[in-house]
Amino acid sequence: MYNIFTFGFGQKHQNHYIGIHAQDEAACRIKMMNLFGKEWCAQYPDKEAAGVKRFDLKELKIEPYTCEKCSRGGMAFAAMTHWNCEVCNDRGLAGSSDTPTICDVCSHLKKECTKCRCKQPELCN
Ligand SMILES: [Zn+2]
Ligand SMILES: [Zn+2]
């Protein structure tokens, strides 16, 4: 399930949209609330319905973090396995040698490595 969310006029991310993956609509909405609280406007089944083209909305990117140690692991592709995010319990699918511990959204939110859950170091400006 993939849903598109938009932001309202006057909100921090107005003129943007974001795509959220989760097992169903309710789970998408919960993820969105974890991410932005009430700072979003509406949920749509696809970009067309959200008016992404019509309103020239820009995509807001989720930035998951994987620490150096974990990203150095081999990229050997093994059988796909299901896994559950330790934080939000969302189900994902990954090659077994590359199975994350938490999902991209939780990684972005908590600033933790997707695999070992170490804290992302603060970036200097
Ligand atoms: Zn998660
Ligand atoms: Zn790590």
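A residue counts as buried if 20 or more other C-beta atoms lie within 10 Å of its own. Keep that cut-off in mind for the exercises below, which work through a predicted model.

**Exercise 1. Work out why strand S1 is largely enclosed by the rest of the structure, and find which strands pair with S1.**

Solution.
- Step 1: Locate S1, which covers residues 2–6.
- Step 2: Apply the cut-off. Of the 5 residues in S1, 4 are buried, so the strand is largely enclosed by the rest of the structure.
- Step 3: Look for partners. Strand S2 (residues 16–21) is joined to S1 by 5 bridges, and the two run antiparallel. Asn 3 stands opposite Ile 20 in S2.
- Step 4: Now turn to strand S3 (residues 42–44), which is joined to S1 by 3 bridges, again in an antiparallel arrangement. Here Thr 6 stands opposite Ala 42.

**Exercise 2. Check the length of helix H1 (residues 25–36) against its expected span.**

Solution.
- Step 1: H1 has 12 residues, and the rise is 1.5 Å a residue.
- Step 2: The expected span is 1.5 Å times one less than the number of residues, which gives 16 Å for H1.
- Step 3: Compare with the model. The end C-alpha atoms of H1 are 16 Å apart, which agrees.

**Exercise 3. Decide which residues of H1 are buried, and what they pack against.**

Solution.
- Step 1: The buried residues of H1 are Cys 28, Lys 31 and Met 32.
- Step 2: These residues cover an arc of only 100° around the axis, which puts them on the same side of H1.
- Step 3: Check the other side of H1, where Ala 26 and Met 33 are exposed.
- Step 4: Find the neighbours. The buried residues of H1 pack against S1, S2, S3 and helix H4 (104–110).

**Exercise 4. Describe the largest nonpolar core and the contacts of Phe 5.**

Solution.
- Step 1: Recall that nonpolar side chains tend to be buried together in soluble globular proteins.
- Step 2: List members. The largest nonpolar core has 12 residues in all, including Ile 4, Phe 5, Tyr 17, Ile 18, Ile 20, Cys 28, Met 32 and Trp 40.
- Step 3: Ask where they come from. S1, S2 and H1 each supply at least two residues of this core, and the largest share, 3 residues, comes from S2.
- Step 4: Zoom in on Phe 5. Leaving out residues up to four places away in sequence, Phe 5 touches Tyr 17, Ile 18, Ile 20, Met 32, Trp 40 and Gln 43.
- Step 5: Look elsewhere too. A second, separate core of 5 residues includes Cys 85, Ile 102, Cys 103 and Cys 106.

Note on methods
Residues numbered from 1 in each chain as written. Chains lettered and ligands numbered in written order. Predicted model: local features only at pLDDT ≥ 70, side-chain atom pairs only at ≥ 80, totals over all residues. Pairing = 2+ DSSP bridges. Arc of directions from axis to C-beta. Contact = placed C-beta atoms within 7 Å. Core = buried A, V, L, I, M, F, W, Y, C linked by C-beta atoms within 7 Å.
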